[in-house]
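Student: Please choose one spot in this model, look at it closely, and then connect it to the parts around it. Keep to what the coordinates show.

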Amino acid sequence: MFRIGQGFDVHQLTENRPLIIGGITIPYELGLLGHSDADVLLHTVADACLGAIGEGDIGRHFPDTDPEFKDADSAKLMEQVWEIVKEKGYRLVNIDCTIIAEKPKMAPYIPQMRERIADLLEATVDQVNVKATTTEKLGFTGRGEGIASQVAVLLQKV
Ligand SMILES: Nc1ccn([C@@H]2O[C@H](COP(=O)(O)O)[C@@H](O)[C@H]2O)c(=O)n1
Ligand SMILES: C[C@@]1(CO)OP(=O)(O)OP(=O)(O)OC[C@H]1O
């Protein structure tokens, strides 16, 4: 059996925060704000995986009111989500991710993000696609106020 999932997340850009996307720290003058490390892409991957198996969303599993998750490493949260996926008997078929950001340029970091996500989802790099787009200076992403991401995932029962 195959199950499809999708995710969407947004985090605000602000000063004095690291910019962590897809488990990779990107040098930039601004970073993402959140209760956790605010890795917008890993949150979206987690939401897509939870959606695919009918397990709600990341906030249900790791509430942003719980001090345990303050400044949490989103890769650790993703590992826990992937354990739930495996317990339900699923493996990754493929995942396709889009980062929506005016700046900085994501292209140099995308190979590392693919490797990191493949590692977290116990898959190979060819099963993971990561791409980026601007919104041509339009909207909150275009003004550089935040970064969004979208993910589609396909899982298969093994
Ligand atoms: N933050 C970003 C945004 C885009 N890219 C790359 O640039 C290409 C052109 O972007 P458009 O928004 O004009 O379509 C896009 O296809 C990406 O390859 C990027 O690296 N980082
Ligand atoms: C990850 C969690 C938990 O620390 O916090 P945030 O970093 O604020 O991220 P968000 O995507 O807003 O929601 C999920 C939260 O529960």
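Tutor: Glu136 is found in the loop between strand S6 and helix H5 (139–142). The model is a predicted one. Glu136 is not a glycine, yet its phi is positive, at about 55 degrees. Is this residue buried or exposed? Glu136 counts as exposed because it has 9 C-beta neighbours inside 10 Å, and the limit for exposed is 12 or fewer.

A second non-glycine residue with a positive phi makes a useful contrast. Ala38 has a phi of about 65 degrees and sits in the loop between S4 and H1. Ala38 is buried, because 25 other C-beta atoms lie within 10 Å, where 20 or more are needed. A positive phi also turns up just after two helices: Gly89 follows H3 with about 90 degrees, and Glu122 follows H4 with about 50 degrees.

From the Glu136 loop, one can go back to S6 or forward to H5. Going back, S6 spans 128–133 and is among the elements that give two or more residues to the largest nonpolar core. That core has 44 residues, of which Val45, Ala46, Cys49, Ile95 and Ile99 touch the most other members. The other elements giving two or more residues are S2 (19–21), H1, H3, S5, H4 and S7. H1 supplies the largest share, 9 residues. Ile99, leaving out residues up to four places away in sequence, touches Ile21, Leu41, Met106, Ala132, Ile147 and Ser149.

Ala132 leads on to ligand 1. The residues surrounding ligand 1 are Ala101, Lys105, Met106, Ala107, Ala132, Thr133 and Thr134, so both Ala132 and Met106 are contacts of Ile99 and also part of the ligand 1 shell. By type, this shell divides into 4 nonpolar, 2 polar and 1 charged. In the loop between S5 and H4 lies Pro104, and the peptide bond from Lys103 to Pro104 is cis, with omega near -5 degrees.

H4 comes after that loop. Its buried residues are Met113, Arg114, Arg116, Ile117 and Leu120. They lie on the same side of H4, because the arc they cover around the axis is only 165 degrees. Their packing partners are S2, strand S3 (24–26), H1, H3, S5 and S6, which brings the account back to the strand before the Glu136 loop.

H3 (residues 74–87) has 14 residues and reaches 20 Å from its first C-alpha to its last, close to the 20 Å expected at 1.5 Å a residue. Its buried residues are Ser74, Leu77, Met78, Val81 and Val85. Their arc around the axis is only 100 degrees, which puts them on the same side of H3. An α-helix has 3.6 residues a turn, so residues three or four places apart point the same way. Gln80, Glu83, Lys86 and Glu87 are exposed on the other side of H3. The buried residues of H3 pack against H1 (40–52), H2 (58–61), S5 (90–100), H4 (110–120) and S7 (146–157).

Going forward from the Glu136 loop leads to H5. Two residues in contact with Gly146 are Phe140 and Thr141. Setting aside neighbours within four places in sequence, its other contacts are Val10, His11, Gln12 and Leu13. Gly146 is in strand S7 and is buried, because 20 other C-beta atoms lie within 10 Å. Gly146 and Thr14 are 132 residues apart in sequence, while their C-alpha atoms are 8.3 Å apart.

The opposite case is His35 and Asn129, whose C-alpha atoms are 27 Å apart with their places 94 residues apart along the chain. His35 is in the loop between S4 (31–32) and H1, as is Ala38. His35 counts as partly exposed because it has 16 C-beta neighbours inside 10 Å. Not counting residues up to four places away in sequence, His35 touches Asp64, Phe69 and Lys70. His35, Asp64 and Phe69 are among the residues that come nearest to ligand 2, along with Gly34 and Ser36. The shell of ligand 2 has 13 residues, divided into 6 nonpolar, 5 polar and 2 charged.

Conventions:
Residues are numbered from 1 along each chain as its sequence is written. Chains are lettered from A and ligands numbered from 1 in the order in which they are written. This is a predicted model: local features need pLDDT of at least 70, side-chain atom pairs count only at pLDDT 80 or more; totals for chains, interfaces and linings use all residues. Helices (H or I, at least four residues) and strands (E, at least two) are DSSP runs, numbered from the N terminus. The expected span of a helix is 1.5 Å times one less than its number of residues. The arc is that of the directions from the helix axis to the C-beta atoms. Two residues are in contact if their C-beta atoms, placed from the backbone, lie within 7 Å. A residue is near a molecule or strand if its C-beta atom, placed from the backbone, lies within 6 Å of it. Ala, Val, Leu, Ile, Met, Phe, Trp, Tyr, Cys and Pro count as nonpolar, Asp, Glu, Lys and Arg as charged, and the others, Gly among them, as polar. A nonpolar core is a set of buried Ala, Val, Leu, Ile, Met, Phe, Trp, Tyr and Cys residues joined through C-beta atoms within 7 Å.
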